[in-house]
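Here's a run through some "why is it called that?" questions. Take a look at the structure first, then we'll set values against cut-offs.

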Amino acid sequence: MTSPVLLWFRFDLRLADNAAVEAAKRSGRPVVPVFILDDDSPDRWRLGSASRWWLAGSLGSLAASLAKRGSRLILRRGEAGRALAELIGETGAMDIVCNRVHEPWAVARDERIAAGLAARGVTFRALESQLLFPPETMPGPKGNGYRVFTAFWKAAIAKSAPTAPSAAPKSLAAPDAWPASESLDDWSLRPTSPDWAGGLRDAWSPGEAGARERLDAFLDVFTEYARERDRPDHPGTSRLSPHLRFGEIGPRQIWHAVAMRAASEGQEAAAAPYLRQLVWREFSYDLLSRFPVLPEKPLQELFGRFPWARDGDSLRAWQRGVTGYPMVDAGMRELWATGWMHNRVRMIVASFLVKHLLQPWTAGEAWFWDTLVDADLANNSASWQWIAGCGADAAPYFRIFNPVLQGEKFDPKGDYVRRWVPELAKLPTPLIHKPWAAKPLELADAGIRLDETYPRPVV
Ligand code: FAD
């Protein structure tokens, strides 16, 4: 019996342009693809509710793609080192291949696993498929990385362009006997609230095919990105974030597709603003790997002593989208309904929580972690620190987003607010971002009773 290779999927749930899949295929040996739901190792950063919903769809899709290639996806639950040891015992595998994950808890776990396996003579290889510019390739001028995004971006684009992505293999050799697999249904990843799951289902198609469809749709409009990306009332961004987070598509595939389309249309300049955003993601990962405390502690230590208000009522009003500020409420309700929120609105709601309500940024980070389908430890923690003004290259702490002016600028007709806060839909546009300024007759005409149908501002 030929000993198989264990192909361990993590946040790389795709077959195309996947370094670990290619390495397993190249080995010429039978391949046992496996996913382990490890809720033990991440401690408080175990997947949140929306991410678990996404994971269920993504694993279903990956299993179907593997089945088409004569293979299977073996599912196991529990601490990953233990689960792998069991699989090694059951299959006789002497080689484990996977792609790197950069979350500090996962790095520490992988180091433990690699050391344990080496002692048993089993090879553990972790390849790079998640990032274009992993930390070791971005040493910075003094060898300790970058604190400023612009310098990181300049260094990134000075490198040679990412190479062309590879296609998914047509087949993967099956082992003589398959180890047992748990059933996805037994993992109860989907939320028990049917309303919530319904909203997520309507908005998304988790999986590699869904990611490709999103990318293809975006390629038709990417030339408008620079103009449209700040408009939550328009579908101007790619919405690839949850697909990227779960690795259903890799950054190289996106980069390459956008760059190729831009070149074929003579629109190279139009590609840059989008590629720049992709590099923000790389920058977040770079920060997380250099500062593993990023999700928990302010990078600027002075902010560790900030006297937060820690008021449960304010936090709940924000979470439920009933702060009385239409732009904030629209964003928080979009998040609840779809598991996603437009970037401009993320900045507005985050600033509001931290700077108007004086709630700790970590409380907002935790809510996003639970409710975003793209909840990503690096992007989420770096962005919250940026907004709070305590991170690297952060917005200054005294800069406060004004939710009314931001609304008037980026949702000028109020379409976004009308969609997510329908009780305000009939307000005339000049009042849509500040209903408290309406005269009693204007409120009555719009069917609004402040404090009854819509709250007065909490601050
Ligand atoms: P596009 O505009 O189409 O951008 C393409 C990709 O580039 C995104 O999918 C994302 O991977 C990356 N990107 C874009 N903007 C940023 C950014 N500012 N920082 C880092 N990467 C970026 N993004 C997450 O993926 N997960 C999170 O948990 C997350 N939490 C956030 C929390 C706050 C408070 C803020 C202000 C931003 C957060 N972001 C997060 C960044 C950003 O809002 C989302 O990446 C973006 O809205 C996703 O939509 P999109 O795919 O249409 O983006």
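Q: Before we start on the ligand, what makes a pair of atoms a polar contact?
A: A polar contact is a pair of N or O atoms within 3.5 Å. Keep in mind that this is a predicted model.

Q: How do you know that Asp376 has a polar contact with the ligand?
A: A polar backbone atom of Asp376 is 3.1 Å from an oxygen atom of the ligand. The cut-off is 3.5 Å, so a pair at 3.1 Å counts as a polar contact.

Q: What about Ser241 and the ligand?
A: That one also goes through the backbone: an N or O atom there lies 3.0 Å from a ligand oxygen. The pair is within 3.5 Å, so it qualifies.

Q: And which part of Arg346 is 3.4 Å from an oxygen atom of the ligand?
A: The side chain, through one of its N or O atoms. At 3.4 Å the pair is still within 3.5 Å, so this is a polar contact too.

Q: How much of the ligand's area does the protein bury?
A: Taken alone, the ligand exposes 820 Å², and the protein buries 96% of that.

Q: What kind of space does the ligand take?
A: The largest pocket.

Q: What makes a residue part of the ligand's surroundings, and how many are there?
A: The test is a heavy atom within 4 Å of the ligand. There are 27 such residues, and the closest are Tyr225, Thr237, Ser238, Arg239 and Asn343.

Q: Which elements give two or more residues to that shell?
A: They are α9 (241-245), α11 (268-290), α14 (343-356) and α16 (377-388). The largest share, five residues, comes from α11.

Q: How does the shell divide into nonpolar, polar and charged residues?
A: It has 14 nonpolar, eight polar and five charged residues.

Q: Why is Asp38 called buried?
A: Buried means under 20% relative accessible area, and Asp38 has 7%, so the label fits. Asp38 is found in the loop between β2 (31-37) and α2 (49-68).

Q: What polar partners does the side chain of Asp38 have?
A: One is the side chain of Ser41, in a polar contact of 2.6 Å. Another is the backbone nitrogen of Ala80, which lies 3.1 Å from a polar atom of the Asp38 side chain.

Q: Why does Arg76 count as buried?
A: Its relative accessibility is 8%, which is under 20%, so Arg76 is buried. Arg76 lies in strand β3 (residues 74-77).

Q: What does the side chain of Arg76 contact?
A: It makes a polar contact of 2.8 Å with the side chain of Glu90. A polar atom of the Arg76 side chain also lies 2.7 Å from the backbone oxygen of Ala180.

Q: Why is Asp43 called exposed?
A: Exposed means over 50%, and Asp43 has a relative accessible area of 59%, so it passes. Asp43 lies in the loop between β2 and α2.

Q: What makes the phi of Asp43 worth a remark?
A: Asp43 has a positive phi of about 60° although it is not a glycine. Most residues other than glycine have a negative phi.

Q: What are the phi and the exposure of Asp451?
A: Asp451 has a positive phi of about 80°, and it is not a glycine either. Its relative accessibility is 53%, over the 50% cut-off, so it counts as exposed. You'll find Asp451 in the segment after α19 (440-445).

Q: Why is Thr453 called partly exposed?
A: At 26% relative accessibility, Thr453 falls between the 20% and 50% cut-offs, so it is neither buried nor exposed. Its place is in the segment after α19.

Q: How do you know that His243 is buried?
A: His243 has a relative accessible area of 1%, and the limit is 20%, so buried it is. His243 is found in helix α9.

Q: How far apart are His243 and Leu13?
A: In sequence they are 230 residues apart, and in space 9.0 Å, C-alpha to C-alpha.

Q: Why does Thr323 count as buried?
A: Its relative accessible area is 1%, which is under 20%, so Thr323 is buried. Thr323 is found in the loop between α12 (312-320) and α13 (326-338).

How values were computed:
Residues are numbered from 1 along each chain as its sequence is written. This is a predicted model: local features need pLDDT of at least 70, side-chain atom pairs count only at pLDDT 80 or more; totals for chains, interfaces and linings use all residues. Side-chain values use heavy atoms; hydrogens and water are left out. A polar contact is a pair of N or O atoms within 3.5 Å; within protein, one must be able to donate a hydrogen and the other to accept it, and residues adjacent in sequence count only if both atoms are side-chain atoms. Accessible areas come from the Shrake-Rupley method with a 1.4 Å probe; for residues, only the protein chains shown count as cover. On a 1 Å grid over the protein atoms alone, a cavity is a set of points where a 1.4 Å probe fits but cannot get out, and a pocket is an open set with protein on both sides within 12 Å along at least five of seven lines; lining residues have an atom within 4 Å of a point. A molecule sits in a cavity or pocket if more than half of its atoms lie within 2 Å of its grid points. Helices (H or I, at least four residues) and strands (E, at least two) are DSSP runs, numbered from the N terminus. Ala, Val, Leu, Ile, Met, Phe, Trp, Tyr, Cys and Pro count as nonpolar, Asp, Glu, Lys and Arg as charged, and the others, Gly among them, as polar. Buried means under 20% relative accessible area, exposed over 50%, partly exposed in between (1.4 Å probe, protein chains only).
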